Amino acid sequence: MGDEVRSNLAAHLPRLRRFAWGLAGSRDEGDDLVQAACEKALARSHQFTPGSRLDSWLFRIVQTTWVDRLRQRRTRRTEADDEALAAVADGRGHAGEARLALGTVERAIAALPEEQRSVLLLVSIDGASYREAAEILDIPIGTVMSRLARARLALGRALDGQEQGKDDGGRPVQILG
């Protein structure tokens with residue numbers, strides 16, 4: 001019964017890693033999260049229903065593993081992703097600006113409620129359709145749309161406030177590089 005999980009798990013690793021990196025806020029924590037989720041998936045491969053979507057099952061395992069870790073720690077740290085910085089930097093000495101911008105976006109995403117962040121990462125980063133995100137998270141498609149809209153609004157407000165030097169409450173914000 002677990003043969004489908006074992007034989008197809010590797011094909012899903014790139015998507016799982018992107019999702020986990022976004023949830024965790026760093027590559028190292030994301031990779032640890034994927035490893036723990038893969039261990040759980042292999043140990044529980046007998047629970048997978050043949051003919052159903054393996055990717056949805058694996059994404060749910062990653063998400064529940066992450067939620068469990070958050071409950072255990074109650075703290076979270078965010079580290080800049082050097083690969084993303086290199087992609088954002090234009091190669092003309094603007095790496096500092098790129099680091100600042102990426103850090104601002106990462107903090108804004110990390111500040112979102114878990115439900116909104118998961119939907120945002122699946123749809124905007126992984127490229128999942130609303131229907132796929134709904135299946136992966138086991139929620140109605142309308143809930144996906146609602147959470148995504150709220151996440152985008154919150155990000156827009158947070159980033160607008162940062163650009164104008166003010167937080168959501170209109171208080172001045174100092175951004176340090």
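Let me open with a question: is R53 buried, exposed or partly exposed? R53 turns out to be partly exposed, with a relative accessible area of 30%. Please keep in mind that we're looking at a predicted model.

R53 has a partner, too. It forms a salt bridge with D55, where the closest N and O atoms are 2.5 Å apart. D55 itself is buried, at a relative accessible area of 7%.

Now let's step back to the overall fold. The protein has eight helices and zero strands. Of its 177 residues, 38% count as buried. If you take contacts between residues at least 6 apart in sequence, 65% of them join residues at least 24 apart.

What about the inside? The largest nonpolar core has 39 residues, and W57, V62 and L122 touch the most other members. Helices α1, α2, α3, α5, α6, α7 and α8 each supply at least two residues of this core. The biggest giver is α3, with eight residues. If you'd like to zoom in on W57, leave aside its neighbours within four places in sequence, and you'll find W57 in contact with V5, A41, R44, S45 and F48.

Back to charges, for those of you who enjoy them. The structure holds eight salt bridges. In one of them, the side chains of R15 and D126 meet at 3.0 Å, N to O. R15 sits in helix α1 and D126 in the loop between α6 and α7, so this pair ties together parts that are 111 residues apart in sequence. R15 counts as partly exposed at 22% relative accessibility, while D126 counts as buried at 12%.

Another salt bridge stays within a single helix: E114 and R117 both lie in α6, three residues apart, which is about one turn of the helix. Their side chains meet at 2.5 Å, N to O. Both count as buried, E114 at 15% relative accessibility and R117 at 1%. There is also a network, in which salt bridges that share partners join R15, R18, R53, D55, D126 and E135. So our opening residue, R53, belongs to that network.

Last stop, helix α7, residues 130-137. Here A133, A134, I136 and L137 are buried. Seen down the helix axis, the buried residues of α7 fall within an arc of 165°, so they line one face of the helix. Y130, also in α7, is partly exposed at 31%. Together with I141 and M145, Y130 forms a nonpolar patch on the surface, with about 250 Å² of accessible area. Right after α7 comes D138, whose phi is positive, near 60°.

Thanks, everyone!

Methods: Residues are numbered from 1 along each chain as its sequence is written. This is a predicted model: local features need pLDDT of at least 70, side-chain atom pairs count only at pLDDT 80 or more; totals for chains, interfaces and linings use all residues. Side-chain values use heavy atoms; hydrogens and water are left out. Patches are made of residues with over 30% relative accessible area and no salt bridge: like charges are joined within 9 Å, nonpolar side chains (Val, Leu, Ile, Met, Phe, Trp, Tyr) within 5 Å. Accessible areas come from the Shrake-Rupley method with a 1.4 Å probe; for residues, only the protein chains shown count as cover. A salt bridge is a side-chain nitrogen of Lys or Arg within 4 Å of a carboxyl oxygen of Asp or Glu. Helices (H or I, at least four residues) and strands (E, at least two) are DSSP runs, numbered from the N terminus. Buried means under 20% relative accessible area, exposed over 50%, partly exposed in between (1.4 Å probe, protein chains only). A nonpolar core is a set of buried Ala, Val, Leu, Ile, Met, Phe, Trp, Tyr and Cys residues joined through side-chain atoms within 4.5 Å. Contact means heavy atoms within 4.5 Å. The arc is that of the directions from the helix axis to the C-beta atoms.
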